[in-house]
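Biologist: I am new to reading protein models. Could we go through some features together, one at a time?

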Amino acid sequence: MNVVAAPGVTDGPPFPVGFDESPPGERYFRHPGDVLDVVLSAAALLVLIAFIHVSTGTSAGVRADLAHAATSVPRAARELLLAVVQVATLLVPVAVVAGLVVKGRWRRLTIVVGAALTAAGTLAALDAALDLSSSVPGSLAAHGWVVSTRFPSLVYIAALVAAGTAGKPWLTPRWRRAVDRGLLALVVVLAVAGTAGIPELLVSVATGALIGSLVLVAVGAPNRRAAPATVAAALSRAGLDVTTLSLERAEGGRSQLYRARTGDGERQFVKVYGRDSRDADLLYRWYRTLLLRDSADDHPSTLEDEVEHEALLLMLAHRSGAACPDLRGLTKLADGSVVLAMDDVGGRPLDQIDPDSIDDGLLDAVWHEVVLLHRSGLAHRSLRAANVLVPSSGPVIIDLGFGQTSSTPRLLSIDHAELLASLTALVGVERAVASADRALESSQLAAAMPYLQPLALSAATRRQVSKAVLGSVRAAVAEATGEEPRPLERLVRVRAKTLVTIALLTGAFYVLLPQLAHVNDSFRALGSANWAWLVAVVAMSAFSYVFSAIGLSGGVRERLPMGPTVQAGLASSFVNRVTPANVGGLALNVRYMQTAGVGPAEAVTGMGLNVLAGGVVHAVLLVVFFAWAKQSGASAFQVPSSSKLLVALVVVLAVVGVALATRRGRRLIRTRVVHVVKTSLGSIVELGRSPGRLLALVGGSLGVTLAYTAALSCSVAAVGGGASFAQVGAVYLGSSVLAAAAPTPGGLGAMEAALVAGFTGIGMDPGVAVAAVLSYRLATYWLPVLPGWLAFRRLDRRGYI
């Protein structure tokens, strides 16, 4: 195989003679990368607006720090830099417009000017709403060397950024970098001059980038695909001297497709992957990762890595004996595109053949190639009829770019389900299932049943078969294998019902709750919050996962690695956001311990001991903090009187007596309660023989509870709540007991309401109480979601869960 990274088109002749030098496809089209830029710019703009609107105190602190840093630069240097920038921002736009007019580039001129005017109007509206245009202390005087120091304004900067963003597709990579550096220098000089604060400057830049990207998405950007002449030159430098290169497909797929013929008469099939292919593939992979529980998608860091992965799969598949195209070359173009060349096997895609011409021999031959591919450990992951070519020599499997090496039985079963569904659309349920039954073992065919559902199939196959047809295929597979129909695998990461429930609860308690406690007071408290205390909240939340790992290790005999155990706790926080009563996190920790070498029974018992230790520690601390806080801190959660406790004890004993009086109740107590008590007592006795494990178990549970108490105390201090640590501990521990009864994930809603009620009960201002609770829950409940998801993915990839 020839692998050459072409440094540019200057090596050798610029272009082979006779090849088209214009990019294939339409002259203008919508690039996936521009869509990605819109999403990123919009997210950045929303974060900046929220920061300026809510964190007024922090924003003022940033301005003061900027003023102090700016005044350390000599005034003459600041004035000189500002004068240079002012001249450049006046002359460069005029020169660009004049050049476009002289060259008659009216479309480019319209796009660039339209983006600039739209961004200027948008920023002006934001300025009116947020009052962005204000200088920082210590800024330069109103009159500069050239014009007023208020120029360029934030509106003008947004227009420049939008024009630069919309115009960069027509520039060479070197000029694009020059534009980016120029805009960065502009922002730095204005920050040093003090004409605007850094958050406001960043809002201006984000607004311009958003509008410029939206304009490109709306009207289309110029075609930046590699021309056939460029592709032919790269292939020639890679050792493939092509004489003809005919375009097969320019749009509608992950790459541009060509058929080529070399000087010695060999036919080659050429795929060209560009930046647009990379951006579209990234969007698709991230969509699948967010939607599916285990998408098994890799995320190559560069386009070159992605294409090299496909080349590796081609070589491995060819060596396995499966009929696949043989790899001929791989080379990189100067613009970053990657060219992949392979044998042109000819033939037509299976889905384009007349169904009446598809006999059982052809179907059996297709399944035979699939069996050979899977025997080598390769999963295709898009094994539909369109990716099977049928030349005269027999079926050939193509397009392995989405495949995976060292595949799991799950991925192989999904391959079988995909091909079954795709063949069903061609030849019907009976013939498709019969052909699979002849080629696969009964267990392999039965294993495909859970994945005969739309989410497990490619979009093209989903369009060809309905849910009813897939149900018929599952029934036919069950009949052919003699097994009962298997339940469908749950593939979606979060059900729509769960998302709606969480969204409604979040809206109710994070939007409506501040309304009940004077929303202006809450926002005012958050805006003037001490951010050093909020950083401490995040730090305490992080420490809780370390203590949780220590406690989990104390529950079992086997030594658990500290790093992965901390990651398991962090991943549990992600899983618990969509499961009530921490069920998902408990199951994940049990699974993690099993893969770490702990026996199934011991893993479940260890998890139970961890929960038991946490409950005991919580109860003890509840009494301690209530006694410590005395009446001032515990007024919101009064300890029941002795008479009420006696009544509760009588009720409990009565319920137990009724249960013992019935046969079903005795059986339930004997099989459930007595068994659990015996198991727990045995584990506790064993723990007594290992002081180190007992210390880790109790100490870890104690550390988790105190870390969360300290986090809430820091949150209260950040907004000036004025409550003591003892009072905060009493409120937190009492609220946790109440929230534990809520059926929502992590006590969502119930915990917030209980904490606010507790703080107001000890005399805290309602607005301040809401601000403290919201900041605490944002830092400890919502902030760990993304790191938890990343930890979940990492543990999954490394086989820990």
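Biologist: Let me start with one residue: is Asp 399 buried, partly exposed or exposed?

Modeller: A word on the source first: this is a predicted model, in which local features need pLDDT of at least 70 and side-chain atom pairs count only at pLDDT 80 or more, while totals for chains, interfaces and linings use all residues. Residues are numbered from 1 along each chain as its sequence is written, and side-chain values use heavy atoms, leaving out hydrogens and water. Now the general idea: buried means under 20% relative accessible area, exposed means over 50%, and partly exposed is in between, using a 1.4 Å probe and protein chains only. Asp 399 counts as partly exposed because its relative accessibility is 32%.

Biologist: Where is Asp 399 in the chain?

Modeller: Helices (H or I, at least four residues) and strands (E, at least two) are DSSP runs, numbered from the N terminus. Asp 399 sits in the loop between strand E11 (396-397) and helix H12 (409-427).

Biologist: What should I look for in the backbone angle phi?

Modeller: Most residues other than glycine have a negative phi. Asp 399, not a glycine, has a positive phi of about 60 degrees. Arg 381 is not a glycine either, and its phi is positive at about 70 degrees. Arg 381 lies in the loop between H11 and E10, and it counts as buried because its relative accessibility is 14%.

Biologist: Which residues is Ala 379 in contact with, beyond its neighbours within four places in sequence?

Modeller: Contact means heavy atoms within 4.5 Å. With those neighbours left aside, Ala 379 touches Gly 403, Gln 404, Ser 407, Leu 411, Leu 412 and Asp 415. Ala 379 belongs to the loop between helix H11 (360-375) and strand E10 (388-390). At 3% relative accessibility, Ala 379 is buried.

Biologist: Which residues form the nonpolar patch on the surface?

Modeller: Patches are made of residues with over 30% relative accessible area and no salt bridge (a side-chain nitrogen of Lys or Arg within 4 Å of a carboxyl oxygen of Asp or Glu). Nonpolar side chains (Val, Leu, Ile, Met, Phe, Trp, Tyr) are joined within 5 Å, and accessible areas come from the Shrake-Rupley method with a 1.4 Å probe, where for residues only the protein chains shown count as cover. Here the patch is Val 97, Val 101, Trp 106, Val 113 and Leu 117, with about 450 Å² of accessible area together. H3 and H4 are the elements giving it two or more residues, and H4 provides the largest share, 3 residues. Leu 117, in helix H4, is exposed, with a relative accessible area of 60%.

Notes: Patch = residues over 30% accessible without salt bridge, like charges linked within 9 Å, V, L, I, M, F, W, Y side chains within 5 Å.
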